[in-house]
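This report describes the pockets of one protein model and the strand pairing around them. The sequence and structure come first, and the text follows.

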Amino acid sequence: MWTNKKVRMLVAFIVAISVWIYVKGLVDPAISKNIDNVDINIKNQTSLMERNLGIDSVDIKTINVRVSGTRSNISDLQPDEVKATADVASAVRGENSIYVEVKAPNNVNVREQSVKRINVNVARLQKKEMKFSVSGKKPLEKNTTIIAEGEGKNVVLLGTANNLAKVKRVEARVDNSKLTEKSKVLQADLVAIDENGKIVDYVYFEENTVEILAKIVSEKKVEVHVPTTGKVAEGYKIESIEIPKDVVIVGNAKVLEKIVSIEAKEINIDNLNATTTIKIEIKLPQDVELKYNTLLTVKVNIVKDIPKIVQEENTNEKENKEQKEN
């Protein structure tokens with residue numbers, strides 16, 4: 001009798017499990033999903049650098065993956081939870097066929113992947129020095145700019161000859177949220193940029209970050225007025241004065257709002273008898289400065305002041321000479 005009871009209990013358990021599996025299959029069935037354009041992460045690039053090698057090119061950089069699992073698990077799956085990696089630790093100089101490993105969360109199965117292997121070309125590393133400029137990791141608000149000390153210093157880039165040739169500038173990118181109107185020391189990440197403003201892949205730096213003293217300020221373009229003092233030498237006159245049309249000033253937004261133009265200190269043209277370029281000094285309110293620390297100059301074009309009567313006589317002589325020749 002006891003044996004029959006055990007059998008009945010076992011049968012009831014099996015039926016319950018079967019019903020549960022059946023109901024779960026109805027409520028949360030198994031489904032598949034395509035995850036496209038998964039970035040292939042190149043693993044162990046430092047291993048190549050230790051051998052004075054670097055990646056020159058990769059023929060395929062993204063992969064399409066098909067995964068399966070219960071509806072709830074697939075619905076909860078985020079694209080960035082599917083990882084694709086290619087390990088170049090054992091790669092050698094030249095062309096390498098590298099296996100692409102795809103992983104997904106434990107409750108999700110990888111069914112298919114569009115690419116099993118990629119071709120990775122490896123070449124000798126070279127060095128190059130370039131100056132860096134400072135920018136934000138995100139676009140800055142309109143009419144604002146970053147002022148940084150240390151900008152323009154040289155940094156050392158590492159890469160293959162092919163990739164280094166693509167680099168047109170180096171940016172040191174700071175976290176926008178850490179920028180204030182008061183200068184403070186920040187760490188900036190170095191990135192190599194091509195002529196289209198995109199990051200150049202597989203270019204490294206001897207130091208991946210730089211320390212800078214930076215602040216964020218407002219900027220404004222204003223006209224420049226340059227007064228003169230003195231008179232040019234006798235027998236000469238000013239033909240024209242070439243003045244910078246405008247300059248960009250930076251500072252507190254409320255202060256800049258009140259400025260419509262700026263004035264330079266007087267330039268002395270006394271006794272000038274030839275075209276002369278003169279350095280000008282700009283008068284700026286407190287806590288306002290020029291955005292670019294460039295030398296501002298004015299070109300004073302000087303010509304001989306020929307009396308009108310002499311000009312007319314010269315003209316008549318020329319006309320008479322031409323008539324005689326004819």
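## Pockets and strand pairing

In this predicted model, 18 residues line the largest pocket, and those nearest its centre are Ile146, Ile147, Ala148, Glu151 and Lys291. The space in the largest pocket amounts to about 360 Å³. Strands E8 (126-136), E9 (144-149), E14 (209-225) and E21 (289-290) each contribute at least two residues to the lining of the largest pocket. The most comes from E9, which supplies 5 residues.

The second largest pocket has a volume of about 150 Å³. Its lining includes the charged residues Asp56, Lys61, Lys166, Asp194, Lys198 and Asp201. Also in the lining of the second largest pocket are Ser57, Val58, Asn163, Ile199, Val200 and Tyr202. Strand E2 (residues 53-58) gives the most to this lining, with 3 residues.

The linings divide by residue class as follows.

| Pocket | Nonpolar | Polar | Charged |
|---|---|---|---|
| Largest pocket | 8 residues | 5 residues | 5 residues |
| Second largest pocket | 4 residues | 2 residues | 6 residues |

Strand E8, one of the strands that supply the lining of the largest pocket, also pairs with two other strands. With strand E10 (residues 154-159), the pairing of E8 is antiparallel and runs over 6 bridges. Here Lys127 stands opposite Leu158 in E10. With strand E11 (residues 169-174), E8 pairs in the parallel sense over 5 bridges. In that pairing, Gly136 stands opposite Val174 in E11.

Methods. Residues numbered from 1 in each chain as written. Predicted model: local features only at pLDDT ≥ 70, side-chain atom pairs only at ≥ 80, totals over all residues. Heavy atoms only, no water. 1 Å grid on protein atoms, 1.4 Å probe; cavity = no way out; pocket = protein on both sides within 12 Å on 5 of 7 lines; lining within 4 Å. Points joined across faces, edges and corners; volume = space filled by probe spheres on them. Helix = DSSP H or I, 4+ residues; strand = E, 2+ residues; numbered from the N terminus. Pairing = 2+ DSSP bridges.
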